[in-house]
Amino acid sequence: MNRILAELADQQKIQDMIASHEPFMDILAEVTKMVAREMPDATVTFMMYDSADETLSLVTGEGLSESYRAAMQRVKIGPNVASCGKAAYTQKVVITPDISDDPNWADYRESALQENLRACWSIPVIMDNDALLGTFSTYHPTPCTPTDDQLVLIMRAAGLLAFALARKQDQRALRIQSQRYQSLFNYHPDAVFELDLDGRFVAANRSSENIAGFEEKAILGLHFNEFLKAEYHDTATQAFDQARKGIPQYYEVVAYNISGDEYLIEVTNLPIIVDDEVVGVYGIAKDITSQRESELKLHFQRTHDMLTGLSNRAGFESRLTEDLPLAKGHVAVLLINLDGFASINDGLGHAVGDHLLQAVADRLVAGLEPSDFLARFAGDEFGVLLTERGRVEQALPVVEGLLSLLARPFVIDEHVLHVSASIGVALGRASSKNASELIQHAHLAVREAKAQGRNTWEWYVGDVDSTVREHIELRRELLEAVEHDQLVLYYQPLVDAVTGKMTSLEALVRWRHPGRGMVPPGDFIPLAERTGQIIDLDRWVLRHACQDLKNINAGRDKPLTVAVNISPVHFRRNGFFDEVKQALDESGLSPEKLELEVTEGLMMAGSEKAIELLQNIRDLGVRVAIDDFGTGFSSLSYLRQLPINKVKIDRSFVRDIDSGRENAAIVEGIITMAHHLGLEVVAEGIETEGQRNDLVNRRCDMLQGFYFSRPVPLDDLLQLPHQLPAADE
């Protein structure tokens, strides 16, 4: 509350300065102090726009070096010019979470990093007539993005500067040519009016009529409160009394238009001073109804799921953060994950899937008490917060009831659908530190429920120190691993089945932790996939594999290709195609020497969009392989539609190929079918000479496995012979 009051006091002081026509640089200094007080680690700057040559120049920025100030003079604006240049060009807010990897900062990155500027949030300062005045920005010493409150603060600061500059220009215009006042009064886009010292209308401009619907002659002599909602009379009267004393005022009230409809107006009262005496009060009123509705809508969208109308995860965490201390830990968090939803969504289409999620939401609402809080996190995942039923004996009947409720069939369009749910339950305790930790406990519990066979619930009973904290710590350290070059690539050769000659390599990422040593891929790859960090890992592997292959192929008579595994979440990400092209361009690697390995399930889930993207990649010259083929649920004939070069038979079929008839028949069928389609076939997991010989006899093209080489680091790879053991003659 103290922070809010301080912020309001700051704004009031600045508005008073604006209304009193104090110098712009003094107003700018106060705006800067206001923002710096709320974000003490930030460097606050303002760059003035010169329309003559469309450039920005740094005006203020406490603590910045002279060299950086010099670099920030006469900066040409453009769509790719750092953050401020882009914000000025697009006239939109530009948030740069990390300057070090933003391509728009290429020309200024070195200067910024030398100043310890790692993130930049830039807001264009624009007048009501869309004229650009400059950019207001905050720089931060660590990569970050603004909270909602921070974003509102800097946007409000930019608005104050726009208002100050606008008022400065208005005042200058009036000072230069006073006869222009009447035009300004009449044609101002906001309602402008004059009140006598009793608060009665003396004059009103055309916009007043446009906004409220009343002609000037209809309101002359009437008191302003006659047009305001009764509960706002005191607010408006107090502001008017202050303006009569020579103190400008700014406030919001609800008014009535000529139709009797309510609308929200933003009012500025300015004293009319003649010869040091207040003779009346000017009013400037702006209809902000639509603006406020948009703000509320935006806030709703930030905290709610648009499909179901429920709160989203952010809203859930906010509510849990509020309730946890009030309930003294006695809350229960239920994480509900639907079983079998993916097959319905993929098989019957997303429209049916969306309708099912809406029906699930409605059923959950019906099965909960008004005091319970329901949210949809993402996909087929819902969260429930129980505050009045947060103890074990209270929460268990709720969990059992929800399982039964969801097990009943759903009728969606013409389909009768059956789903069940896996529910993870976590109890708040007096020692529970935050909402995220409690939600993570529920995530761990629902994962265990899935492992127990689904359509069940599991209670989180793990110790936070040994379970969750280790998970959170590992996630943080994985971020550092990418940033601090702790990752290393290992390579496993693929060989010609008959000759044993090395034909290509598969790039596999490893983590050399400074304290833990080599972290097994099985520990960090699933974590990266769950948290989205797999995108950064994929990107790192793609870039370094392309660079390494240039060195690997140096001096080789027959250059090798390199295969990189691409996660489904990265493949579906906008801009993936551009990232592949950039990795090739930066390394100078020929596209045909790069192969991307994607999963069979990704192809089935992505269908037309995935095929189109694969075709674009193939057109670029890059090869594509289906990894772990045979483990999914797709029809073999589906391969005819895919623009691929190769299939890799999963090791589970190879393991018993020389003794198991079923596996041998499957492998034989895959090889024959793939060859008929003109595809190469790789068998993974070759560990014995018998497996190798059997696959040679079945005309498999290439082999990969420990029999030839384990995955090895680059230096060891370069020591391997070009030809590994050949098949028995």
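**Loop aspartates, a six-stranded sheet and a helix pair**

In this predicted model, Asp-275 is located in the loop that links β10 (262-274) and β11 (277-287). Although Asp-275 is not a glycine, its phi is positive, at about 55°, and the residue is exposed, with a relative accessible area of 73%. A second aspartate with a positive phi, Asp-485, has a value near 55° and is found in the loop between α17 (468-483) and β19 (487-496). Asp-485 is likewise exposed, its relative accessible area being 58%.

An open sheet is built from six strands in the order β3-β2-β1-β6-β5-β4, with antiparallel pairing. Because β3 (75-76) and β4 stand at its edges and each has a single partner strand, one side of each is left without a neighbour in the sheet. At one of these edges, β3 is joined by two bridges to strand β2 (residues 55-61), the two running antiparallel, and Thr-55 stands opposite Lys-76 of β3. Strand β4 (residues 94-96) pairs with β5 in the antiparallel sense over three bridges, in which Val-94 has Ser-122 of β5 as its bridge partner.

Strand β5 (residues 119-126) is mostly covered, seven of its eight residues being buried. In addition to its pairing with β4, β5 pairs with strand β6 (residues 132-140), again in the antiparallel sense, over eight bridges, and Ala-119 stands opposite His-140 of β6. These two strands, β5 and β6, form a hairpin with five residues between them, and in the turn Asp-130 has a positive phi of about 70°. Helix α2 (residues 24-38) lies across β1 (43-50), β2 and β6 of the sheet, running at about 145° to β1.

Elsewhere in the chain, helix α13 (residues 341-348) and helix α14 (residues 350-367) have axes that come within 6 Å and cross at roughly 140°, which makes α13 oblique to α14. On the α13 side the contact is made by Phe-341, Ile-344, Asn-345 and Leu-348, whereas α14 contributes His-350, Val-352, Gly-353, Leu-356 and Leu-357. By residue class, the contact of α13 with α14 comprises six nonpolar and three polar residues, with no charged residue among them.

Terms used
Residues are numbered from 1 along each chain as its sequence is written. This is a predicted model: local features need pLDDT of at least 70, side-chain atom pairs count only at pLDDT 80 or more; totals for chains, interfaces and linings use all residues. Side-chain values use heavy atoms; hydrogens and water are left out. Axes are lines fitted to C-alpha atoms, for helices over the stretch in contact, and angles run from 0 to 180 degrees between N-to-C directions. Helices (H or I, at least four residues) and strands (E, at least two) are DSSP runs, numbered from the N terminus. Angles under 35 degrees count as roughly parallel, over 145 as roughly antiparallel, 65 to 115 as roughly perpendicular and the rest as oblique. Contact means heavy atoms within 4.5 Å. Ala, Val, Leu, Ile, Met, Phe, Trp, Tyr, Cys and Pro count as nonpolar, Asp, Glu, Lys and Arg as charged, and the others, Gly among them, as polar. Buried means under 20% relative accessible area, exposed over 50%, partly exposed in between (1.4 Å probe, protein chains only). Two strands pair if DSSP finds at least two bridges between them.
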